[in-house]
Amino acid sequence: METTELKKQLKQQIVKFLNLTSVNPDDIKDDEPLFGEGLGLDSIDSIELIVLLNREYGITIEDPKEGRKILVDINTMVDYIEKNRTK
Amino acid sequence: MFVNAQYCISAQQTAKGYDVTSLPEPPVNNHFLAKEPDYPLIPASSLRRMGKLVRMGLGAGLPLLNNLTPSAIIMATANAGKDDCVNFLNQIIDYDEGMLTPLNFVQSTPNSLAGQIGLLTSNRAYNITHVHLGHAFENALIDATMRIAEIPGVPVLLGAADDLNNYHELYELKSGWVKHSLPPGKNFLQSNTAGAFHGEAAAMFIVSDIPENALLQIKAIEIWDGKEIHGLTSRAKRFLETHNSTPDNIVFFSGENGDNRLTPYYETMESLFNKNAVFTYKAACGEFPTSTAFALWLAGESYRQNKWPNPLLKKGNIPTNPEQILIYNTYKGFQHSLILLQPV
Amino acid sequence: MSRKIAVTGIGMFSAIGNDVHSHLESLMQGKSGISQLENFKTKYAGKIPVGEIKISSQSLYQQLDLNTPGITRTTLLALKAFKEAIASAGLSNALISSPDTAIINANTVGGMCLTDEMYADSKPGTPASAYLASYSFAATAVFLQEYYRAKGIINTINTACSSSANSIMYAARLMKAGKINRAIAGGSDSLAKFTVNGFNALRILSANPCRPFDVNRSGLNLGEGAAYLALEWEDDAKGKKIYGYLAGFGNANDSFHASSLSPEGYGPQLSMQTALEHSGLSSNQIDYINAHGTATENNDLVESIAMKKIFGKVPSFNSTKCLTGHTLGAAGALEACVSLLSLQEQKIFPATGFSKPISETNLVPVTRLTEMRLNHVMSNSFGFGGNCSSLIFSKP
């Protein structure tokens with residue numbers, strides 16, 4: 001899958017998985033911080049995103065702290081998915 | 001204890017200037033589903049995570065807390081979290097105890113609502129959730145009266161919420177508490193079958209020891225357990241006498257829900273009230289464990305509007321003046337409550 | 001007329017003992033009940049240590065002489081500890097069922113401990129199991145009411161991990177408000193696939209025996225258990241053994257997040273402060289704190305910060321969850337009983353798993369059995385939804 005297509009897909013998956021009903025996936029900027037500022041996700045969301053990566057892309061991240069280094073923004077997530085996906 | 005303000009989200013248009021004399025909208029597919037308003041006070045980032053019960057509870061509670069710092073947030077619920085619980089159970093099975101999302105689990109704790117109210121209003125005061133089924137709201141009410149006595153002059157947020165979630169309904173259905181249909185031409189009171197139509201509501205109250213501009217006074221409450229019908233009327237008479245009241249001038253708000261196994265309780269209580277008006281509030285809200293909160297809200301609206309909920313009249317003469325109201329409810333015949341209300 | 005609330009009876013049932021006596025033995029030795037899961041099938045058996053009671057539910061049914069089907073493990077644990085509490089208080093069944101006696105219960109999971117049965121019952125078309133009426137949070141209290149034909153106030157409180165601390169508080173307030181003359185208050189919870197998976201999903205379970213207040217702590221161990229306290233007015237307790245007085249209590253909301261505490265620990269600070277004010281004691285009069293101490297990264301750091309803020313010089317403290325596991329709805333009451341036993345013995349019981357303090361706060365919990373003059377003891381319980389509760393017990 002092309003990187004741009006993967007980014008689009010990931011944004012849609014994030015919105016659906018986290019039930020971000022007020023967010024349009026296309027409005028999420030690739031370098032917008034997921035946590036704190038930007039999308040404003042929190043610690044429960046970070047765990048949920050780790051589960052998303054597992055279910056959709058077959059990636060297992062054991063340590064949530066390691067996960068936070070990957071879950072910075074769409075760019076870092078897609079980068080990690082491309083390198084580590086098993087699905 | 002006085003009710004100074006209130007808000008209700010229920011199967012009727014109670015969130016939007018409800019007229020108590022309006023004809024209640026009937027259940028849809030035998031369910032009294034809530035008519036939810038918009039929720040401008042709930043931040044979108046929080047709303048996305050909320051199940052219906054927490055959403056409704058917040059929707060009813062937040063508008064009351066504008067510029068108010070209650071000394072307690074006291075909530076009641078029986079059904080809270082059941083949907084989230086089963087959704088989490090489904091995850092456990094579907095993913096064979098693998099990697100699971102925690103949100104359902106966190107949401108399944110019944111004190112989510114009370115916790116969220118405290119969180120969104122930055123209120124750090126006493127925060128509690130009572131979950132004792134058909135006595136959950138009654139226990140919460142007693143708790144509120146104690147809190148007000150402990151810290152006079154400061155209001156308390158008291159409320160209840162129960163939702164019609166799928167799994168609760170399924171358990172009720174399997175254990176024979178859901179009414180399947182009405183005989184042709186009969187209303188639910190005439191149905192003479194087991195079970196009831198279930199409903200959902202969130203009813204929130206600002207209560208205090210401040211009589212100014214109050215909607216009503218909660219004069220007394222009594223709760224008890226047990227299936228005996230014998231002794232019901234003497235208990236009710238004693239309850240009224242203890243609080244300087246008699247059955248003569250009371251308006252009866254009955255929790256009769258059309259389940260013919262429970263009808264004897266209600267008819268026995270009604271026998272005390274001769275020609276007095278008997279209103280069946282569950283024709284408006286359906287059956288659920290914290291329904292007496294809806295009854296309390298309805299009483300408050302009746303006093304406020306200086307009108308009675310005529311369409312809910314089962315029998316008796318509708319009084320021309322405000323009178324005391326006695327709410328009686330039994331949950332499945334084993335939990336009972338009496339609440340005596342007075343106009344202010 | 002004394003307005004002191006006395007604890008005249010206690011009942012305890014957990015991984016470290018089947019009754020108060022066996023708890024005392026285990027506590028004195030610092031004997032941990034943390035082991036591997038055996039009682040039900042789960043992928044996590046052998047992977048996560050738990051405080052499991054090594055008695056099957058069928059066995060409990062027999063021990064308790066029960067015949068009706070549909071009684072959950074949560075209720076079985078509760079009944080056992082409840083019976084011990086009322087027996088130790090010398091309360092007859094007639095008094096238990098008296099209208100001026102309250103039964104105030106707590107649990108977090110309710111009947112959901114029966115994960116598989118509840119799942120089956122949640123599918124349309126499957127026949128109803130015997131447990132259908134037992135899934136509610138109120139089921140145990142409803143059972144106790146029927147079992148004892150109780151005529152007083154019956155209630156169930158659910159505020160997650162602080163539940164039974166709140167049920168004790170609620171009972172005391174009912175007494176002070178003149179609504180009842182005595183109460184049996186506490187809680188129970190049993191281990192379940194539901195909670196094991198739930199806490200694991202939150203990534204706060206440790207793969208090892210937990211290490212409260214240690215810099216390398218890695219999460220909590222779940223436990224199961226039940227504990228109840230019989231509360232009476234001191235004047236009614238003449239001739240009875242008094243385990244301690246409930247000197248004060250406080251509940252506050254952290255108001256920060258659904259499942260983690262604020263970095264400053266406002267909720268824990270406020271519950272401890274309120275309990276102190278309520279008891280009329282100053283912070284330097286607290287001799288020991290039985291901490292919530294779940295060994296999660298968040299809790300232990302925040303609880304340490306809060307203790308430092310309120311006490312300045314933090315009194316001796318530790319968490320006994322390293323021995324019993326986190327018993328959720330029973331924790332508040334179980335640890336209240338541990339605090340009362342500390343008062344009785346004038347000892348702080350050992351705690352395991354600690355070797356190096358948390359760097360930010362540098363607090364060292366008591367690890368060895370320590371003889372100490374204990375007049376006033378505080379017990380903390382903090383739950384999801386930011387619910388924070390503190391109880392203070394005083395030596396009789």
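## Chains A, B and C in a predicted model

Let's start where chain B meets chain A: 10 residues from chain B and 11 residues from chain A make up the contact, with two residues in contact if their C-beta atoms, placed from the backbone, lie within 7 Å. On the chain B side, helix H1 (44-47) and helix H4 (103-107) each supply at least two residues. Helices (H or I, at least four residues) and strands (E, at least two) are DSSP runs, numbered from the N terminus. That side of chain B divides into 6 nonpolar, 2 polar and 2 charged residues; Ala, Val, Leu, Ile, Met, Phe, Trp, Tyr, Cys and Pro count as nonpolar, Asp, Glu, Lys and Arg as charged, and the others, Gly among them, as polar.

This is a predicted model, in which local features need pLDDT of at least 70, side-chain atom pairs count only at pLDDT 80 or more, and totals for chains, interfaces and linings use all residues. Residues are numbered from 1 along each chain as its sequence is written, while chains are lettered from A and ligands numbered from 1 in the order in which they are written.

Now to chain C, which has these elements:

| Element in chain C | Count |
|---|---|
| Helices | 12 helices |
| Strands | 14 strands |

The C-alpha atoms of chain C fill a box of roughly 60 × 55 × 40 Å along the principal axes. Among its contacts between residues at least 6 apart in sequence, 79% join residues at least 24 apart.

Back in chain A, A:Asp45 sits in helix H2 (residues 43-57). A:Asp45 lies 34 residues from A:Asp79 in sequence and 19 Å from it in space, C-alpha to C-alpha.
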